[in-house]
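Hi,

Here is the structure I promised to pass on. Have a look at it first, and then read on for what turned up.

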Amino acid sequence: MKVLVLGSGVVGVTSAWYLAQAGHEVTVIDRQPGPARETSFANAGEISPGYSSPWAGPGVPLKAIKWMLMHFGPLVVRPKFDPYMALWLAKMLRNCTSMRYARNKARMVPIAEYSRDSLKALRSEVSISYDERTQGTLQLFRTQKQLEGSAGDIEVLKNFGVPYELLDPAGCIAAEPALANVKGKFTGGLRLPNDETGDCQMFTEKLAALCVDAGVTFRFNTTITSINTSVSRIASVSTETEELTADAYLVAFGSYSPFLLRRIGVYIPVYPVKGYSITVPITNEDAAPVSTVMDETYKVAITRLGDRIRAGGTAEISGYDLTLREKRQATLMHSVGDLFPKGGDLSEASFWTGLRPMTPDGPPIIGGGTKYSNLYLNTGHGTLGWTMACGSGRVLADLISGKLPDVDPQPLNISRYD
């Protein structure tokens, strides 16, 4: 079967890999000159199934007000005349209940756990390295209130059978020795030992090369101008220079997926939530993190990637604006400098921003279910694209191949919004 994959971020490339492994003839199209040039380029580096939770939850509206008022706040909303922004925000607020949070969390954890296991299997099958580490993540609490508030998260982890460790300050230092330099700044932590880290761009580029070896064709620097339909099927995809046909079409364009789909009458509630990161060269390995530390106060993930520290975080709802804002950089710099003051040279930090494709309820949109029988979606992963990429790609490959996936895809289908 010929399959056309639209998008070469980590989700699109993993989809292409599993499709090729299933024996399909795969072509990947992207407007960028290479893979992982947008949202997958410089994310925080976490592969964190244990932290796979919806942003929409009980208490979030009040917390959001507090976050927006903080000096180094993790949330910014820049209102604009955009009906899609307004509709997305309204749907997100509707999901801020205990019942909906529990349901959405239950939809996210299985695909995240499956994805991590699929990544492990991939590593055992092929030679691929990407500054990966398998030393867990540590959610660091600066206040007693945050530590006590982790009880709800722990209950969820218990319900899903996710291993965890609730640590006192000494336990945090045992997990992350560099925190001994700032031991008066935190009260404890919640560690998830099964989580991993790695450079998403490095992984995607190397997997794309393996895809080429497996027969996948990549068409970079190619802009799609239209998706062409015929009754209940996709007939072709037009670019600026040619028309391409396939038996199945997979949309993995992240935040830009809605633009293409609206033109053919398919509406998905995906909206961009802008994130930022800094990448800092390590100057003292003993004073740098060994894995990922989640700074709970500022919602910043600080990750060791080889000889670099990557700090990612903040959520800015501002449409498709890619402006680099110094105030957001200041938040990231503050978090890294406060917890790992001797670890890296902040004066040499590189600054980046990308758009996370968020759904209002939290889970990604994976599968078919549209009015076009040969159209498939793999988008809306939000901050968890790297965490869920391999599992999502594997599920899609099974669906397109007519196989029953290991994870039930129905709760992730677009039909959940009917």
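Two strands count as paired here if DSSP finds at least two bridges between them. With that in mind, start at strand β14, residues 271-281: nine bridges join β14 to strand β18 (residues 350-358), and the two run antiparallel. Do keep in mind that this is a predicted model.

One contact to click on in that pairing is G275, whose bridge partner in β18 is G354. β14 has another neighbour too, since β14 and β17 pair in the antiparallel sense over seven bridges. There, T279 has R310 of β17 as its bridge partner. As for cover, 10 of the 11 residues of β14 are buried, so the strand is mostly covered.

Now go to the beginning of the chain. Is strand β1 (residues 2-6) enclosed or open to the outside? Four of its five residues are buried, so β1 is largely enclosed by the rest of the structure. β1 runs parallel to strand β2 (residues 25-29), and five bridges join them. V5 stands opposite V28 of β2. To get from β1 to β2 the chain passes through helix α1 (residues 10-21), and this β-α-β crossover is right-handed. β1 also pairs with strand β13 (residues 248-251), again in the parallel sense, over four bridges. In that pairing L6 has V251 as its bridge partner.

There is also an open sheet of three strands, in the order β10-β11-β12, with antiparallel pairing. Its edge strands are β10 (224-230) and β12 (243-244), each of which pairs on one side only. Six bridges join β10 to β11 (residues 233-239), and S226 stands opposite S238 of β11.

Next, the aromatic rings. How many aromatic pairs does a search of the whole structure find? The count is 12. One of them is F259 with Y320, a tilted pair with 4.8 Å centre to centre and 40° between the planes. This pair links distant parts of the chain: F259 is in helix α8 (residues 257-262), while Y320 is in the loop between β17 (308-317) and α9 (326-339), 61 residues apart. F259 has a relative accessible area of 33%, so it is partly exposed. Y320 is partly exposed as well, with 24%. F259 and Y320 also belong to one aromatic cluster together with W88, Y256 and Y271.

Two arginines are worth a click here. R31 lies over the face of Y256, at 4.5 Å from the ring centre. R262 lies over the face of Y84, at 3.6 Å from the ring centre.

Last comes helix α10, residues 385-400, which bends by about 30° at G391. Why is α10 described as largely enclosed by the rest of the structure? Because 14 of its 16 residues are buried. Just after α10, G402 takes a positive phi of about 80°.

On the record side, an unreviewed UniProt entry lists residues 2-399 as "domain: FAD dependent oxidoreductase". That span is 34% helix and 25% strand, and its end C-alpha atoms lie 14 Å apart.

Over to you, and cheers!

Note on methods: Residues numbered from 1 in each chain as written. Predicted model: local features only at pLDDT ≥ 70, side-chain atom pairs only at ≥ 80, totals over all residues. Heavy atoms only, no water. UniProt positions renumbered as here; feature names shortened; annotations may be inferred. Bend = angle between axes of the 7 residues up to and from the residue. Buried < 20%, exposed > 50% of the residue type's maximum accessible area, 1.4 Å probe, protein only. Right-handed = clockwise from strand over helix to strand, strands pointing away. Phe/Tyr/Trp six-rings, centres within 6.5 Å; stacked < 30°, edge-to-face > 60°. Lys NZ or Arg CZ within 6 Å of the ring centre and 35° of its normal.
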